[in-house]
Amino acid sequence: MRIPLERSGKVPLYAQIANFLRAAILSGKLPSQTRMPSARRLAGDLGISRMTVEAAYAALEAEGLVRREMGSGTFVMARRHSPASVRVNVPEIWPQWQHELVANCASWHEGAMVDAPAPLRAENAIAFGSGTGDARRFPLADFRTVMRSVLQRDGKEALEYGETCGYAPLRRTISELLSVHGLQAGADDVLVTSGSQQGLALVAQLLLRPGDSVVVERPTYAAALPLFRAMAARIVDVPVDREGMRVDLLDKALQRYHPRLIYTIPNFQNPTGVCMSAGRRRSVVALAERYGVAVLEDDFVGDLRYGGRAQPPLKALDRTGGIIYVSTFSKMLMPGVRVGFIHADGPVLELLAGLKRLTDLATSSALQRALHRYVSIGRYDAHLRRARRLYATRRDTMARALERYFPPGSEFDLAEGGLFLWVALPRGYVTSELLRPAWKAGVGFAPGEEFFVDRSSGDRFLRLNFAAVTPEEIERGIRNLGRVIAESSQ
Ligand SMILES: Cc1ncc(COP(=O)(O)O)c(C=O)c1O
């Protein structure tokens, strides 16, 4: 195979190879199932090292474009979404560098979540696909009051740039909230971020270099996958069962891939709702220590527990500073406040703060002050108590509706907390194909494929949000969805 290489160019050789092959795969010149030349052969053809070709293949694998099979070679993967959409959307009028950008960013941009097209989005669609609590229950009046009182109290100071690491009184409040979970964090051990998504992005940017491996759960949070792909990382997925990440397989993955980072969501995992058992938590921490790998712990809904025993965060078991804990007020309160935070020990926290400064200087000072006041006058606790009661009832309502309206053989576990039920339909269903008819029937949901590196493993799954919808919507929505599923198999 001939690949034109600029040996003295700024773009590393492996990236030039990956770019060339990516364009060939996306354009269909290298069709699905094509066997790629072995790394040794391609390296020989191009007069470069085998490691360079390996790095290019690893980057393409992380993007889901090729699959490497031990002993049999590297194969082009089937494309689930038409790559044409990416190329066609760039009219000729734009400069060449924009065309190149679109091709180079296809791995993560294509994977970004899509909303229902406007004509299909029913006016009052039932939002089982939502990733948050019920917006109709956001404490609007309370928040208006605290915002007004903060602006009165702090005046223009509330509207200046604040500290990069966050409003000090809020960091203190966060450290008090963390102490309830057994985390010994001082205010200086906390970095406020613009949502936890920024926390995840900062950690990924700081730790990962192209070709590095990152372990994720299988399935995992859909927006974490394009994030790691954007870093050109190789994604290694380790299955989740009813106790959380399979630590026996994690051990093997750590031995084989020497990853730089393990990304885990131990509480009410997105999308499965699984809460990692105490034993697994200890094992993950011990394995990470043994192999010297950083852990990114994403605790996005930990305070929304409706049953079972609270488990300590991995960070509370961390003796060596190996764990970076990320959380958010988005799900427990409301996402538009855009306040999340990172708790970590050692120089990493200062480096993350430095990177944050480069990214957005600081999170909105006015909103942090309002949030601080909201929490410190006890409103947050009261809101959480109400939300837990409300969402627990909705979860049970959804479980009953699923039993009634979904096809026999459908499976789900009752999540002990969080926002989602993760449902497996009997074999043979492809939930992404049900999306359009469901939208037409006025119901949204998150198809399983979004949460898997290889997409097709998620075919028979769907993630349903029970918290964002009323019991009446649950009853009507699950009935409609059940009908859509039944009609699809006729
Ligand atoms: C598991 C998980 N982590 C992080 C986030 C990011 O949320 P935010 O940036 O609003 O805090 C989300 C949002 O859906 C999520 O589901």
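In this predicted model, a convenient place to start is the ligand, where a polar side-chain atom of S330 lies 2.6 Å from one of the ligand's oxygen atoms. The protein covers 92% of the 400 Å² of accessible area that the ligand has on its own. T328 makes a contact of this kind too: an N or O atom in the T328 side chain is 2.6 Å from an oxygen atom of the ligand. With D298, the ligand takes part through a nitrogen atom, which lies 2.6 Å from a polar side-chain atom of D298.

A wider view takes in the whole shell around the ligand. The surrounding residues are G195, S196, Q197, Y221, I265, N270, D298, F300, T328, S330, K331 and R338. By character, the shell divides into three nonpolar, six polar and three charged residues. Helix α9, which spans residues 195-207, gives the most to this shell, with three residues.

Attention can now turn to the aromatic side chains. The structure holds ten aromatic pairs. One of them joins F329 and F341 in a tilted arrangement, with 6.0 Å from centre to centre and 55° between the planes. F329 lies in the loop between β10 (323-328) and β11 (340-343), while F341 is in strand β11, so the pair ties together parts that are twelve residues apart in sequence. Are these two partners buried or exposed? F329 counts as buried because its relative accessibility is 2%, which falls under the 20% cut-off. F341 is buried as well, because its relative accessible area of 6% is also under 20%.

Aromatic residues also gather in a group: W422, F451, F452 and F461 form one aromatic cluster. F461, a member of this cluster, has a charged companion, since R460 lies over the face of the F461 ring at 5.5 Å from the ring centre. Another arginine is placed over a ring in the case of R463, whose charged end sits over F420, 3.9 Å from the ring centre.

A last stop is T320, which is found in the loop between β9 (294-299) and β10. T320 is exposed because its relative accessible area, 54%, is over the 50% cut-off. Along the chain, T320 and G292 are 28 residues apart, and in space their C-alpha atoms are separated by 9.8 Å.

Key:
Residues numbered from 1 in each chain as written. Predicted model: local features only at pLDDT ≥ 70, side-chain atom pairs only at ≥ 80, totals over all residues. Heavy atoms only, no water. Near = heavy atom within 4 Å. Polar contact = N/O pair within 3.5 Å; in protein donor to acceptor, adjacent residues only side chain to side chain. Areas by Shrake-Rupley, 256 points an atom, 1.4 Å probe, with all protein chains shown as cover. Helix = DSSP H or I, 4+ residues; strand = E, 2+ residues; numbered from the N terminus. Nonpolar A, V, L, I, M, F, W, Y, C, P; charged D, E, K, R; others polar. Phe/Tyr/Trp six-rings, centres within 6.5 Å; stacked < 30°, edge-to-face > 60°. Buried < 20%, exposed > 50% of the residue type's maximum accessible area, 1.4 Å probe, protein only. Lys NZ or Arg CZ within 6 Å of the ring centre and 35° of its normal.
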